[in-house]
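Trainee: Could you pick one part of this model and take me through it closely? After that, I'd like to hear how it sits with everything else.

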Amino acid sequence: MIRVNQRDMDFREGMTVKNLLEDLKYSFPNLIVRINGEYIPRESYEKTVIKDNDDISIIHPIAGG
Amino acid sequence: MKFLQKDETLCIQCHACESTCAQAFFKSDDRTKSSIKIFDDPGERNEIINVCNQCGECISICPELAIYRAKNGVVMIDKKKCVGCLMCVGFCPTLSMRIHKDFLEPFKCIACGQCAKQCPTKAIEIKHID
Amino acid sequence: MDTTDRKDSVAKIKEAHRLLKRYEYTPQKIQRGYTNKTLYINISDNTIKSKDVPEEIKDKFTGGKGLGLWYLWNSVTKDTKWDDPENEIIISPGPVGGITQYPGAGKSLVVSLSPTTGSVMDSNVGGHFGPLMKFSGWDALEIQGKAKEDIIIYIDGNKGIVEIYEVPIGPVNSHILAEEVTEFFAESEEEKRNISVISAGEAAEHTLFGVLNFSFYDRRKKVQRLKQAGRGGIGTVFRNKKIKAIAVKYNGVKGDSNNPADIDTIRKLGLKLHKEIKEHDKDQCRMREIGTAHLVEIMDDYDLLPVHNFKYGSHEEAYKIDSKVLAKKVVQGSPDGCWHGCSMSCAKAVQDYELKTGPYKGHKVVVDGPEYETVAGVGSNCGIFDPDYIIECNFYCDTYGIDTISFGTTMAFLMECYENNILNKEITGGIELNFGNKDAAMEVLHQMAKGTGFGKIAGLGVRRIKNLLIEKYGADPKFLNDIGMEVKGLEYSQYVSKESLAQQGGYALANKGPQHDEAWLIFMDMVNNQIPTFEDKAEALHYFPIFRTWFGLNGLCKLPWNDIEPPDNHLTDEPAKVPEHVENYVQLFNSVTGKNIDKEEMILQSERVYNFQRVFNLKMGFGTREHDIPPYRSMGPVTEEEYLSRQERYDKQLKELVGVNPEKMSTAEKIEALREYKYKQYDKLVDAVYKRRGWNKNGIPTVELMKKLGMDFPEVIKLIEEHSSE
C-alpha cells in the first residue's frame, strides 16, 4: 500500500513515478512530485522507483478555470 | 541586412560606444541611455557586449505593428504607434531592447555605426549581409 | 461581406441615421487611474449628463464591478424587472484597467439585472472599450431607459462628444455590425485601431442569454475581433433597450494614458511578467499557443470534462477536439492579447473559416476562439466531437450574441430530455435532439437568431425550460431538477464537480450563479487533496472568491495570476495563492493610485463589494440559503447508467465514506444512499462557509460584518434586519 495525496493506493513491485502518473492519468507536464517529502524533478520520473509504504504527494500547481 | 557585429575578444570595456550612442541618440551624457551595453562582469550569460543583432523577432511580437524592418534591413520602432507595452523588451531573445525611465517607449540599436567609429579596438563593426 | 458591400451598407446607414442628441464635454484628465466622472445616459428621453464619482464611493467600491453594483443598487427597487426601463447596464474598467505594461489589464466589468436570474449580474470582458472609454474621460458608463427605435451611442474621447443616433436600418449581427460601425466613425483607415464597439446580435433579442460583444481592432488581420461579456443575458437587456451598438473612439493611447502615480514600478512589474511568460508558458499552460483550450485533454484525463449534460467526465472521442487539434486550426505566431501589453495572449482566431450553414453560408470569416468553455460546452457536453462544428457554433453564437456556456449547458440539458422522451419531435418541431446530433443543435441555434420554432423554447435557458416542461408537458420535476444544470437561474459553466465538494460550493454559492470565475478549487480539492476538512474548504471558499472579486474591481484579468506561475512558486508557503503575483497586484494598485494598500487591505476591498452583492441579491428577493443549492447532477450520479459507468468509484465511496456495504444493495438503493450522504456533506460545507464569511445560518451577512466593512448603508442594514427577524 502507498499513500498518494493522503489517499491509499495499491502498491505494485517496480512501479516508477512515471508509471504512477500514467495510472492516475496525470498528463499535465508541470507537476510537483514529492516522495516522503523529497522533491523529485521531472527528468527523474522514469528512473525513480516507488517503494511500498511510500508517502507521495503530486500537486497540479496551475489553478485551471 | 545591416547590423553591428561584435568581437568580444577585442573589447577592452572602455564604454566609449555607450557614451557615443547615448549622445547620438538622445544628446545625453547618461550612458544608461545607450542601445549598446558593455558589461564589466560577463555574468551568467557570459557576455561582454550586448547589442541588437537585427533578428526581427520583436516584429512579430508587437501587436501594434510599431516595429518594422526598414529597407536597409534594420529593425526600427515607430514611436508614434508604440503604446509602451514592453512586450518586445520581455521577449527579445538577446535582451537587447532597451528601456529607460525617462522614455515611455523602448529603444534599440539601429546600426548607425557611430559607436563603431569610436571603438579603439574594432570590437564592433557595421556589417552588411544578404 | 467584401469591402464594397460594406461601403454600400455604411453609406445607406449614413443616409438613414438621425442624430437624436449631442452632448459636449471637456474630457477629464485621468488622475491616478480615475477620471472621477461617470457618464449617465437615459435613452428614454435622451438625457446625457456627467456625474461625479465621490471619494467615499471610490473607497468603498474601488471601481469596475463595484461601481456598477453601486449605480444599479441606486437605480432599481426590489420590484424592478430586467426589462423595465429602470434597469441599467453599467460598464466600468476600474482604476488599474488601461495600463499597457502588465498582462491582462484591459477588462471591462458589466453589471445589470439579469433576464435569467432576475437578480444582479456581473460579467467581465476583454476588448478595448473600457480603457478607451476611461481615456475619453469616464470611469463608468451608466445606461438607463429604453429607446423607441434602434440606436447607436457614440463617444468621441478626443473631441469630447457623446452622440445618440437613431439607426433604423442595417445589420444587427456583430461580425458585420462591429465592422460597419467602425467604418462609420473612423475618419481614416488608420483610426480604426482606436475604435471599439459593443454590440449584441439577433439572438440576443430572442433568447434570454444574450451576450455583449466588445471589440478590439486586430491590426494584422484588419478586423474587429470580438470578446464576450457572456454570462447572465446582459446582451438581451441591451437589445431589449433597443441599443444596437455603443462605440468609442480615442486616438493617442500611450504607456502613461492611465496617468499612474508611479509608472516606473508598473513597467518593472510588467517586464518581469513578460519574461516569466516568455520562459515558462510553453511548459505550463501554453496560453500563447492555444489559450484556455489547453485544458480540454487535462480535464478529460481527470474525468472533469463535461460529457452528455455533465453525466460523465471523459469520452473516448475527446482527442478529436483537444488542444492539439485546435492548435492546427487557429493562427499561430500572432500575438493575440485583447488589450495592449497582454503577453499571455490567450485570444485565438481561426482565419478564413468558410461557414457551412446559416445566413452566411459560404462566407469566409474570422472566428474568435474557441476557448475551453466553448469547446466543452457546445462540444463534449452535447456529445459532439467535431472541431469544425465547434468553430462554426462559436462563430454563430458570437455574431448572434449568444453565450456559448449557457447555449452548451442548455442544449446538453435539452438533449438529455429528448433521449428520455421528456421532449419529443412534436415539441421540437421535428428536430431530433439526440446527443451528438450537431446538425440539430445548429438548427436550433439558427432558430434562436430568428426567434422561431423550438429556438424560442431553447432560448429560455434551463430554469424556465424546466418549469415549462413540468407545467405544460407533465415532466417529472425531481428528475428535471436533478439534471437541469443551473443554480439561481444561471447555467453551469463547464466543469464536472461531482468529486469536489469544494467546487460544488464554489459553483452553487457564487453570487451571480454557477460561474467558475468566482471560485475554481477542483485541483486543490479533488486532485491535490490540499483542503481535506470542512474548515479547509470553507477557508478556500472564503479566500478565493473574495480574492478573485478584486480583479473585477480593477479591470484586470484573472489568467495572468495563476495560469502562469513563477518556477519557484511551489516552494512558497501557499502555492495556490501564487504569493509573488499577489504582491505584484498590491504593487500595481499602489503604483496606479498612489495609495498604500497591503494584501490584507486588498482582501477588504473585495470583501466590501462581495458582501454588498450578496445583500443586493437579498434586495431582489434572493440571496438566502435556499438559492444556494446545487442540482444533484453536479454532486453525484443521478441515473443508473451514470452510477454504473463509475461503479467502482461510487461503491468504494459507499463503503469508505458512507459506511454501508454496497454488495447487498440494488443500484437504485446505492444511488439514494450516496445522494443522502452527499447532500448532508454539502449542508455541512455550507454551514462552515457561511460561518467563515461572517453570515448567519440563512446565508445573510450580519449587521456587524457590514459595519466592520463600512458598508452599513441604511438600506443595507434595514434589509438585513428585516430578513434576519423572519
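**A close look at chain A and its surroundings**

Mentor: Let's pick chain A: of its contacts with a separation of 6 or more, 72% are between residues 24 or more positions apart. Keep in mind that this is a predicted model. Chain A has one helix and five strands, and reading from the N terminus the order is β-β-α-β-β-β. How does its radius of gyration sit with that of a compact globule? A compact globule of 65 residues would come out near 11 Å, and chain A has 11 Å, so the two agree. If you'd rather think in box dimensions, the C-alpha trace spans about 35 × 25 × 20 Å along its principal axes. As for burial, 18% of the 65 residues in chain A count as buried.

One residue of chain A is worth a stop. A:Asn36 isn't a glycine, yet its phi is positive, about 45 degrees. You'll find A:Asn36 in the loop that links strand 3 (32-35) to strand 4 (38-40) of chain A. Is A:Asn36 buried or exposed? It has 11 other C-beta atoms within 10 Å, so A:Asn36 is exposed.

Now for the neighbours. Chain A and chain B don't touch, and their nearest C-alpha atoms are 22 Å apart. Chain A does meet chain C: 16 residues of chain A are in contact with 24 residues of chain C. On the chain C side of that contact, helix 10 (295-301) and helix 21 (522-527) each bring at least two residues. Helix 10 of chain C gives the most, with four residues. Sort the chain C side by class and you get twelve nonpolar, seven polar and five charged residues.

Follow chain C on from helix 10 and you reach C:His308, in the loop between helix 10 and helix 11 (323-329). C:His308 is another residue other than glycine with a positive phi, near 50 degrees. C:His308 has 19 other C-beta atoms within 10 Å, so it is partly exposed. There's an oddity of another kind at C:Gly369 and C:Pro370, which are joined by a cis peptide bond with omega about 0 degrees. C:Pro370 lies in the loop between strand 15 (364-368) and helix 12 (372-379) of chain C.

What about chain B? Two pairs of chains are in contact, and chains B and C share the most contacts. That contact uses 16 residues from chain B and 21 residues from chain C. The chain C side here is made up of three nonpolar, ten polar and eight charged residues.

Since chain C takes part in both contacts, let's look inside it. Seven strands of chain C make an open sheet with mixed pairing, in the order 1-9-8-13-10-11-12. Strand 1 (18-24) and strand 12 (223-229) are the edges: each has a single partner strand, so one side of each is left without a neighbour in the sheet. On average, and ignoring direction, neighbouring strands in this sheet are turned by 20 degrees against each other. At the strand 12 edge, seven bridges tie strand 12 to strand 11 (residues 212-218) of chain C, and the two run antiparallel. As one example across that pair, C:Leu212 faces C:Ala229 of strand 12. Helix 5 (residues 174-185) of chain C lies across strand 8 (151-156), strand 10 (195-199), strand 11, strand 12 and strand 13 (243-249), and runs at about 140 degrees to strand 10.

Further along chain C there's a helix pair to look at. The axes of helix 20 (residues 501-508) and helix 28 (residues 667-693) come within 10 Å and cross at roughly 65 degrees. The crossing of these two helices of chain C is right-handed. Helix 20 contributes C:Leu501, C:Gln504 and C:Gly505, while helix 28 contributes C:Gln681, C:Tyr682, C:Leu685, C:Val686 and C:Val689. By class, this contact has five nonpolar residues, three polar ones and no charged ones.

C:Val689 turns up again in the contacts of C:Ala538, a residue of helix 22 (residues 534-554) of chain C. Which residues does C:Ala538 touch, leaving aside neighbours within four places in sequence? They are C:Ala688, C:Val689, C:Lys691 and C:Arg692. C:Ala538 has 23 other C-beta atoms within 10 Å, so it is buried.

How values were computed:
Residues numbered from 1 in each chain as written. Chains lettered and ligands numbered in written order. Predicted model: local features only at pLDDT ≥ 70, side-chain atom pairs only at ≥ 80, totals over all residues. Contact = placed C-beta atoms within 7 Å. Nonpolar A, V, L, I, M, F, W, Y, C, P; charged D, E, K, R; others polar. Pairing = 2+ DSSP bridges. Axes fitted to C-alpha atoms, helices over the stretch in contact; angles between N-to-C directions. Left-handed = near helix turned anticlockwise from the far one by under 90°. Rg over C-alpha atoms; globule rule 2.2 N^0.38 Å. Buried ≥ 20, exposed ≤ 12 C-beta atoms within 10 Å, placed from the backbone.
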